[in-house]
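Colleague: I'm new to reading structures, so please take one part slowly for me. I'd like a close look at the salt bridges, and then a word on the packing.

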Amino acid sequence: MAKVSADDLGTQSIGSLLIKQAVPASIGILVMSLNIIVDTIFVGNWIGSIAIAAINVVLPVSFFIAALGMAIGIGGSSIISRALGAGDKEKALKSFGNQLSLTLLLTTILVVIGLAFVEQIIPRFGGKGGIYEPAKTYYTIVLYGVPFLALCMMGNNVIRAEGKPKFAMIAMIIPSVGNLILDYILIYVFDFGMAGAAWATTISYLLCFGYILWFFLSKNSELHINLSHFNLSKKITSEIASLGSVTLARQAVVSVIYLFMNNILFNLGGESSVAVFGIIARIMMFALFPVLGITQGFLPIAGYNYGARNFSRVKETINTSIIYASGLAVVIFIFLMVFTESIVSVFTKDQIVINQTVYAMKWVFLAVPIVSIQLIGSAYFQAIGKAVPALLLTLSRQGFFFLPLVLILPFFYGEFGVWISFALADFLSTILTAYFINREVRLKLNVDS
């Protein structure tokens with residue numbers, strides 16, 4: 001694997017650089033998404049559709065805690081990218097050390113709380129009826145591995161900030177492949193059911209953590225920290241918190257949405273409707289992997305060049321990223337609309353669930369062709385360290401638009417009101433983001449660097 005320097009972010013052509021950054025990120029997201037998809041297929045076919053609903057209940061809780069690591073990783077990585085661009089290596093090292101300290105401290109506290117209140121948390125997130133017991137089994141085991149997942153998410157963003165996307169890709173592939181192999185052994189061979197699915201997931205987090213630890217201890221990393229870098233700095237932690245709050249707030253809103261969605265759908269259609277949402281949620285994670293890969297590749301390029309005050313390259317990065325991502329989004333949309341039933345049928349043999357999911361998907365993915373504008377636009381403000389607009393734009397889709405819509409529309413249109421809320425929120429948030437990113441380019445980036 002060729003050694004890549006962070007300096008390349010400021011010198012190579014934007015098109016080729018974006019591809020070099022985005023392709024490994026896309027592959028990593030693809031493999032991780034396929035892991036979630038295949039995991040759901042295994043669980044749905046080897047345990048039952050109730051197991052899919054049970055995992056869907058647990059995900060918002062475990063992912064919110066793990067998202068602390070992602071939030072700290074993205075917030076700190078923005079600092080690292082800009083510090084490397086400005087030639088301030090010490091600030092980059094201090095930021096990385098503070099990221100490690102914050103991730104360990106906060107996730108451990110939340111896991112202890114999550115385990116202490118398991119009896120109250122599971123029902124609140126829709127774990128009712130036949131869903132409760134398998135959800136509790138899965139939740140209890142997976143939560144032990146969540147701090148390691150948080151460290152992996154944090155470390156993965158730092159690796160990308162260093163300009164090492166191929167290593168970040170491998171870090172995402174290892175737990176995905178490991179989880180699938182362990183799923184087969186623990187669920188199919190040994191018939192451990194939900195406990196087997198949970199242990200497969202937890203052990204896969206440990207495998208990922210082992211690889212990331214090796215990377216930062218090896219010569220491949222430029223960030224070799226010492227004990228002094230772990231001491232929390234008020235200035236750096238405040239900046240990490242400010243920028244990381246964007247990601248954390250987004251995941252918090254996602255967790256709240258899962259809470260409402262699971263309960264709303266359970267009341268409207270019972271356990272089968274919760275399973276429908278579980279399948280759609282997995283497809284949403286998988287379907288946009290190349291668009292999300294471009295967004296991940298965009299972040300370090302924009303952050304580095306903004307730190308170097310090379311605004312013409314920043315503007316070019318925005319335009320190129322949106323063009324590439326939008327083209328891919330159109331292809332994804334056509335594929336989803338043409339092969340809807342074939343895609344859904346892979347997850348379950350329950351014809352009622354299949355029919356409901358096919359109908360719902362047509363509405364949920366209606367706005368896919370334009371979502372790249374919203375993703376790149378909100379990511380830009382996070383990359384350059386502007387936390388407030390990044391937070392507002394990130395929350396616009398799920399918090400300001402989707403949540404009110406999904407709480408109101410089902411009263412008038414039943415389940416259809418739930419599914420159409422996705423597309424309406426996408427349209428509204430894209431219009432809002434387009435306005436702000438266009439304003440930013442006109443006022444801030446049309447200046448000679």
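Modeller: Happy to! Let's begin with glutamate 162, which is buried, as is lysine 164; buried means under 20% relative accessible area, exposed means over 50%, and partly exposed is in between (1.4 Å probe, protein chains only). Please keep in mind that this is a predicted model, where local features need pLDDT of at least 70 and side-chain atom pairs count only at pLDDT 80 or more, while totals for chains, interfaces and linings use all residues. Residues are numbered from 1 along each chain as its sequence is written, and side-chain values use heavy atoms, with hydrogens and water left out.

Glutamate 162 and lysine 164 form a salt bridge, with their closest N and O atoms 3.6 Å apart. The term stands for a side-chain nitrogen of Lys or Arg within 4 Å of a carboxyl oxygen of Asp or Glu. By that rule there are six salt bridges.

Another one pairs aspartate 426 with arginine 397, and here the closest N and O atoms are 2.4 Å apart. Aspartate 426 sits in helix H16 (residues 415-445) and arginine 397 in helix H15 (residues 387-413), so this pair ties together parts that are 29 residues apart in sequence. Helices here are DSSP runs of H or I with at least four residues, numbered from the N terminus. Aspartate 426 is buried, at a relative accessible area of 7%, and arginine 397 counts as buried at 15%. Elsewhere, Arg82, Lys91 and Glu239 are joined into one network by salt bridges that share partners.

Within that network, glutamate 239 and arginine 82 have their closest N and O atoms 3.1 Å apart. Glutamate 239 belongs to helix H8 and arginine 82 to helix H2 (residues 49-85), so the bridge ties together parts 157 residues apart in sequence. Both glutamate 239 and arginine 82 are buried.

Now for the packing. The largest nonpolar core has 102 residues, and among those touching the most other members are Met261, Leu336 and Trp419. Helix H8 (residues 234-269) gives the most to this core, with 11 residues. Such a core is a set of buried Ala, Val, Leu, Ile, Met, Phe, Trp, Tyr and Cys residues joined through side-chain atoms within 4.5 Å. Leucine 336 touches Ile283, Ala287, Ile343, Met361 and Phe365, leaving aside residues up to four places away in sequence; contact means heavy atoms within 4.5 Å. A second, separate core has 33 residues, including Ile55 and Leu143.

How values were computed. Helices (H or I, at least four residues) and strands (E, at least two) are DSSP runs, numbered from the N terminus.
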